[in-house]
Amino acid sequence: MLDLKKIRDNPQWVEERLASRGRAYNLQKVYQLEAAKRALQTETENLQARRNAISRQIGQLKGKGQDVSALMAEMVQCGPQLQELQQQLATMESELLAVLAELPNLPDETVPLGRDEQDNLEICRWPDEQQPARKAFEELPHWEIGQRLGILDFDAGILVAGARFTVLRGAGARLNRALIQFMLDLHSGEHGYTEIMPPFLVNRESLFGTGQLPKFEEELFAARDDALFLIPTAEVPVTNLVRGEIIEEERLPLKFVAWTSCFRREAGAAGRDTRGLIRQHQFDKVELVWITRPEESGAALEQLTRDAEQVLQRLELPYRRVALCTGDLGFASCKTYDLEVWLPGQGCYREISSCSNTGDFQARRMQARLRRKEGRKVELLHTLNGSGIAVGRTLVALLENFQQADGSVVIPDALRPYMGGVEILRPQE
RNA sequence: GGAGAGAUGACCGAGCGGUUUAAGGUGCACGCCUGGAAAGCGUGUGUACUCCAAAAGGGUACCGAGGGUUCGAAUCCCUCUCUCUCCGCCA
């Protein structure tokens, strides 16, 4: 959520920043509501002050056994009038909140201007600046590799659940688990993150806090009889760990890593990535979350992204880092780096991690604050999140990058200890 | 799922319709005292919004959440959420 005071003090700048996302946001309603609300608030509070004063007087006089009927008579009109004002005020406040809650975050000044993903800025490639060379044989897409190996069973997914669900079998299931374990060990053991195992179902308050609600409800799976939703990302339960908290400055930054399954309805994605594991209703992801002081979040995004890149490097998967342009930025983000892994089966780079600084945008929704050592002042925290990294897509990348001419797939060194020493997956038959 | 108890400021804990602008204690901060510390004494101690050009200083709201009764609600009524105890069921 945006800072109302900032909107009030610097409307032009805010509108300009919002417009850089590629569509016009009309803030007229905010200005009007805000001004009207303040006027109404003053009026209401003045009346409340009067009521309180007279009520106190009544109490005191009554205590002395004096007559209070004159004062009581005066107060009789006060009640309904006050109730009317309070109701108007409450309506106005919730209208204002509703408008504010749907405005996206302001892009950071360092974010490249652009309309859509075409305008994203490539920062670097790994292991070098070349596009990875094609192999001497025809490289297959992962769904074919996986089916030949007998580890990806798309038909079974459809059978037990439906489209966009997949069953992993044998070494496929093991590989998925090995990747999770490898990533968690790396981040908690070497990068200093605290491992979290959060609930996979969350309430509305949490989803509002991180910005999925109210605007993106159609993207979520909901529990029918309870006010709970399946998490679309671990960002939701993990970031909300600080909701409503005031954290002592010296405890920051907080760094969390969590494996969860993620559940997304993919409502707007009909027809896209219908084959394979790229776009599923359920997938595993290891997520990184930082809670920082405001002045730290810029540097934190760089570090968080490097931590995510480490996963790809250790797994020897070629990738590039891309800075999203203003038009491609997510709702809550003020700056995002995507990591895109090379997929030879498709001959392109695909997103495998998205690392975002949300500044104080989520913190304001969550009322997550810090207390400064000096001055004891309270300020909003900054929150960041990034995939470290998407497990299903990593599995895809492994299959496609380490496939051999004979249909086998080599397991990279870093993963072998987690695969019980298995070094190569061979086609069945 | 059934029965009961409860939810008050950083923490403990009183209050159960108007002398509470939330008693008292602990903690914390500052000051006095001390060679230094402890003890003792004194002062202060939340959040949000708002009024004022700003500061100083006011005002309003917040005693789990939301409604209601009342001139006035932490206190009475209703609904919900959560916690604890016992019973049942269960990985």
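This report looks at how a protein chain and an RNA strand meet in a predicted model.

## Ground rules

Residues are numbered from 1 along each chain as its sequence is written, while chains are lettered from A and ligands numbered from 1 in the order they are written. Since we're dealing with a predicted model, local features need pLDDT of at least 70, side-chain atom pairs count only at pLDDT 80 or more, and totals for chains, interfaces and linings use all residues; side-chain values use heavy atoms, with hydrogens and water left out.

## Two domains

Chain A splits into domain 1 (26-101) and domain 2 (117-425), with bounds taken from an automatic or database domain assignment. Their C-alpha centres sit 49 Å apart.

## Who surrounds the RNA?

Around RNA strand B you'll find 19 residues, where "near" means that a heavy atom of the residue lies within 4 Å. Gln-41, Glu-45, Gln-48, Lys-62 and Met-75 are the closest. Helix H3 (28-63) is among the elements that supply at least two residues, and H3 gives the largest share, 12 residues. (Helices are DSSP runs of H or I, at least four residues, numbered from the N terminus.)

## What touches what

On the RNA side, 67% of the strand B atoms within 4 Å of the protein belong to sugar or phosphate, and the rest to bases.

Now for some individual atom pairs. In the side chain of Glu-45, an N or O atom is 2.8 Å from a base nitrogen of RNA strand B. Arg-369 has a side-chain N or O atom 3.0 Å from a sugar or linking oxygen of the strand. For Asn-52, the partner is a phosphate oxygen, 3.5 Å from a side-chain N or O atom.

Definitions and conventions: Polar contact = N/O pair within 3.5 Å; in protein donor to acceptor, adjacent residues only side chain to side chain.
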